[in-house]
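Hi,

Here is the structure I promised to pass on. My notes on it follow below, so have a look and tell me what you think.

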Amino acid sequence: KETHVEEHAKRSYWDEKDFELIVETSFDGLLVSDGYGNVLFVNNSYVQNTGIQKEEIIGHNIRELLNPVWMKESAILLALEKKKPISFYHITKNGNHVISTGTPIFKDGEIHRVVVNTRDISEIYALREELGKAKAMEKLYLEQAEAQRKDREDEIVVKNRKMQNIYATAEKIASFDTTVL
């Protein structure tokens, strides 16, 4: 009869299929190439992030996919050239905003593999765009408020310093629908 420890050890063992399942369910896109840029593996998230189908890329050299529209540069080629991890931002074939990181893996002093990790940041990019629009609207609003204040400044003469402070405070809160005491 097996002990509890032996039984647990059998269930804890994981094989290549377990590893493949883990990699396939990763939120991040993963691509593995050899040291020459030939693509050996991509997971489903890579396909989803980039819009490049597995059959379009696996077994091909990454140089074949370079183009001026949606793959101007490659994390694989940059990692091979620099011989160190490299990250950059780009827009993919399917229009996603992605951060790609290529990490070389060395064996006997030579690059044996390059692992590319892609993270879809489209939602973050959209939020950044919204924030930029909001800041532009705020700037426009403040410019308009300042112009209106200057227009009214010509109409009202305030010489006393305390009255000038009161008037400045009133100007700041004038655009809000609130009672002020």
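What covers the buried residues of helix 5? Strand 1 (29-34), strand 2, strand 3, strand 4 and strand 5 are among the elements that do so, where contact means heavy atoms within 4.5 Å. Helices (H or I, at least four residues) and strands (E, at least two) are DSSP runs, numbered from the N terminus. Before I go on: this is a predicted model, where local features need pLDDT of at least 70 and side-chain atom pairs count only at pLDDT 80 or more, while totals for chains, interfaces and linings use all residues. Residues are numbered from 1 along each chain as its sequence is written, and side-chain values use heavy atoms, with hydrogens and water left out.

Back to helix 5. Because 6 of its 8 residues are buried, helix 5 is largely enclosed by the rest of the structure. The buried ones are Ala75, Ile76, Leu77, Leu78, Ala79 and Leu80. For the cut-offs, buried means under 20% relative accessible area, exposed over 50%, and partly exposed in between (1.4 Å probe, protein chains only).

Both ends of this helix have something to look at. At its start, a side-chain oxygen of Ser74 comes to within 3.1 Å of the backbone nitrogen of Ile76; a polar contact is a pair of N or O atoms within 3.5 Å, and within protein one must be able to donate a hydrogen and the other to accept it, with residues adjacent in sequence counting only if both atoms are side-chain atoms. Just after helix 5, Lys83 takes a positive phi of about 60°, although Lys83 is not a glycine. Lys83 sits in the loop between helix 5 (75-82) and strand 3 (86-91), and with a relative accessible area of 53% it is exposed.

Asp108 is another one to check for backbone angles: phi is near 55°, a positive value in a residue other than glycine. Its place is the loop between strand 4 (97-107) and strand 5 (110-120), and Asp108 is exposed at 76% relative accessible area.

Now the core. A nonpolar core is a set of buried Ala, Val, Leu, Ile, Met, Phe, Trp, Tyr and Cys residues joined through side-chain atoms within 4.5 Å. The largest one has 22 residues, and Leu31, Ile57, Ile62 and Ile76 have the most contacts inside it. Strand 2 (39-42), helix 3, helix 5, strand 3 and strand 5 each give two or more residues to this core, and helix 5 gives the most, with 6 residues. Leaving aside neighbours within four places in sequence, Ile76 touches Leu31, Ser33, Gly37, Val39, Ile62, Val114 and Val116.

On to the empty space. The grid is 1 Å over the protein atoms alone: a cavity is a set of points where a 1.4 Å probe fits but cannot get out, a pocket is an open set with protein on both sides within 12 Å along at least five of seven lines, and lining residues have an atom within 4 Å of a point. Grid points are joined across faces, edges and corners, and a volume is the space filled by probe spheres set on the points.

How many cavities of 30 Å³ or more does the structure hold? There is 1, with a volume of about 140 Å³. Of the 18 residues that line this cavity, Tyr46, Met71, Ala75, His90 and Ser100 are the closest to its centre. Helix 3, helix 5, strand 3 and strand 5 each give two or more residues to the lining, which divides into 10 nonpolar, 6 polar and 2 charged. Here Ala, Val, Leu, Ile, Met, Phe, Trp, Tyr, Cys and Pro count as nonpolar, Asp, Glu, Lys and Arg as charged, and the others, Gly among them, as polar.

The second largest pocket has a volume of about 240 Å³. Its lining is made up of Glu16, Phe19, Glu20, Val23, Leu30, Val32, Leu40, Phe41 and Val115, and the largest share, 4 residues, comes from helix 2. By type, the lining has 7 nonpolar, no polar and 2 charged residues.

Last, Glu24, in helix 2 (residues 16-24). Glu24 counts as buried at 17% relative accessibility, and its side chain makes a polar contact with that of Lys54 (3.2 Å).

Cheers
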